[in-house]
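Open the model in your viewer and keep the selection panel at hand. The stops below follow one another, each with something to select and something to look at.

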Number of protein chains: 2
Amino acid sequence: MPARGRRTTRPSGDERQSAILSTTEHILAEGSFDDISIEDIAAGAGISRPTFYFYFASKDEVLLALLDRVITEVEHRVQSLSRDFEADPAGSWQRSIGAFVEVFSEHRAVAAATTTARLRNAEVQTLWSRSLQSWADYSTDVITQELARGAAIPGPSASDLSIALNLMNERVLSATFGGDTPSITEADAVSTLSTIWIRSIYGSDLPLH
Amino acid sequence: MPARGRRTTRPSGDERQSAILSTTEHILAEGSFDDISIEDIAAGAGISRPTFYFYFASKDEVLLALLDRVITEVEHRVQSLSRDFEADPAGSWQRSIGAFVEVFSEHRAVAAATTTARLRNAEVQTLWSRSLQSWADYSTDVITQELARGAAIPGPSASDLSIALNLMNERVLSATFGGDTPSITEADAVSTLSTIWIRSIYGSDLPLH
DNA sequence: TGACGGTATCAACACCGTGTCGACTTAATC
DNA sequence: GATTAAGTCGACACGGTGTTGATACCGTCA
């Protein structure tokens, strides 16, 4: 059992593991994921490159762990939101979108890295797809309910609509946080996205409530 | 001057250059841009790797040339479209979006490669940004006119709205052509996107005309 | 016709990042 | 103090990139 309150001669495995994670998120804040080498991460965590491989199989595995934490955080944040689409549809959508924006704003480095890694790594792709799909499923359910009570207007299938809107959010936020051209400012992002969601779902700015 | 109608002992420089371009687009159709090496391209074009560097400074330069051709094609296609937003706003938007979908559908390999290369290569980023910006500028102008004649409804700035919608198209089409999960089918893409554009701009499915 | 010069070609090399192997050290356990 | 599991890293092999320098081809002009 490792000594408690007294420094052991070597940091424990868990300390090393989390040093790698936090160093990576830290380095990620200033450089792109593709530009940082495992050497950089290892150096930042105070270990040699081969030792890095004792903890993670690759750079992508580290990102996977970071991404997992972010996704879990989004889930919690969105779940703990007070929403009542019947009473206040516009506000409910806006608060949900706002929650996403907040979390991705806080972890923009991880989000940006995911965007690049997803394109070449199947596991990252899968993890991200699963989340996107679950958000799309949730939106689809709400839209279907809104259609049933006559608030939303018919048109494209609820699922196509919700997929397109979720993908829009992903791309717009990635542009905003990445400072791309063209992009919309962080201040305008939530209201612009919410307006598009609401008009697309209800065909109006003032849905029935 | 090179012989005409008679084969010279070596293919000319121009032939090599275009062999590199077409080979690259061809190889790109089955593998991702990141996975193909300069060796692959050179072999496909019947030259050695160093000789490749005589024609292009890097793999990315090849993509840049391919992308340039695709962007030019989109421009031509969209310009030659008959549009009259006052007479038929919904149809005009739908035809414009349809033109994009067609071109990117034909050159999906180049579009996919651009998506990945943009993230690490500044020149690709710039070229793509410029096009995106010019399409967004065009949409902004039309939305502004539609607002002036009282057909579009006020809300987010015309430019924020148009940037968000253009980015949505980019992401949704990339998912569709890449067969991502979640994504919408190629058959449903144009109608879903058009509906979102029209409802977001006019606040209704049947804009004034 | 022959030598000049731009165009084109490629073998060989230097470099960098990844991932692996095997030998070594450290610390808990019996 | 012997054994075992966990942890560490020097040294290597590999694969892809980009460069260099020597050489071949070919149109042209004296």
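**Stop 1: the two domains of chain A**

Colour chain A of this predicted model by domain: domain 1 covers 13–55 and domain 2 covers 59–202. Place a centroid on the C-alpha atoms of each. The centres of domain 1 and domain 2 of chain A lie 29 Å apart.

Now select the contact between them. On one side are 12 residues of domain 1 of chain A, and on the other 14 residues of domain 2 of chain A. Together the two domains bury about 1100 Å², with 70% of that area from carbon and sulfur atoms. Which residues of domain 1 of chain A lose the most area to domain 2 of chain A? Show Leu21(A), Glu25(A) and Phe33(A): together they make up 57% of what the domain 1 side buries.

**Stop 2: charges and helices at the domain boundary**

Display side chains at this boundary. Two salt bridges link domain 1 and domain 2 of chain A. Then pick Asp34(A) and Arg120(A). Their side chains form a salt bridge, with N to O at 3.4 Å. Polar contacts between the two domains of chain A come to four residue pairs, both partners at pLDDT 80 or more.

Switch to cartoon for the domain 1 side. Helix H1 (13–28) and helix H2 (38–45) of chain A are the elements that each give two or more residues to it. H1(A) has the largest share, five residues. Colour this side by class: nine residues are nonpolar, one is polar and two are charged.

**Stop 3: Asp68(A)**

Move to helix H4 (residues 59–79) of chain A, where Asp68(A) sits. Is Asp68(A) buried, partly exposed or exposed? Its relative accessibility is 41%, so Asp68(A) counts as partly exposed. Draw a distance from its C-alpha to that of Ser37(A). The two residues are 31 apart in sequence and 21 Å apart in space.

**Stop 4: helix H6 of chain A**

Select residues 108–117 of chain A, which form helix H6. Why is H6(A) described as largely enclosed by the rest of the structure? Because seven of its 10 residues are buried. To see them, show Ala109(A), Val110(A), Ala113(A), Thr114(A), Thr115(A), Thr116(A) and Ala117(A).

**Stop 5: where chain B meets chain A**

Bring chain B into view. It touches chain A with 38 residues, and 38 residues of chain A are on the other side. The area buried between the chains is about 3300 Å², and carbon and sulfur atoms give 64% of it. Highlight Arg171(B), Pro182(B) and Arg199(B). These three supply 22% of the area that chain B buries against chain A, more than any other three residues.

Next, look for charge pairs. How many salt bridges are there between chain B and chain A? The count is two. Zoom in on Arg171(A) and Glu170(B), whose side chains meet in a salt bridge at 2.7 Å, N to O. Polar contacts across the chain interface number eight residue pairs, both partners at pLDDT 80 or more.

Finish with the helices of chain B. Those that give two or more residues to the side touching chain A are H6 (108–117), H7 (122–148), H8 (158–178) and H9 (186–202). H8(B) supplies the largest share, 11 residues. A last colouring by class gives 17 nonpolar, 12 polar and nine charged residues on this side of chain B.

Methods:
Residues numbered from 1 in each chain as written. Chains lettered and ligands numbered in written order. Heavy atoms only, no water. Contact = heavy atoms within 4.5 Å. Buried area = accessible area lost by both parts, 1.4 Å probe. Salt bridge = Lys/Arg side-chain N within 4 Å of Asp/Glu carboxyl O. Polar contact = N/O pair within 3.5 Å; in protein donor to acceptor, adjacent residues only side chain to side chain. Helix = DSSP H or I, 4+ residues; strand = E, 2+ residues; numbered from the N terminus. Nonpolar A, V, L, I, M, F, W, Y, C, P; charged D, E, K, R; others polar. Buried < 20%, exposed > 50% of the residue type's maximum accessible area, 1.4 Å probe, protein only. Domains from an automatic or database assignment.
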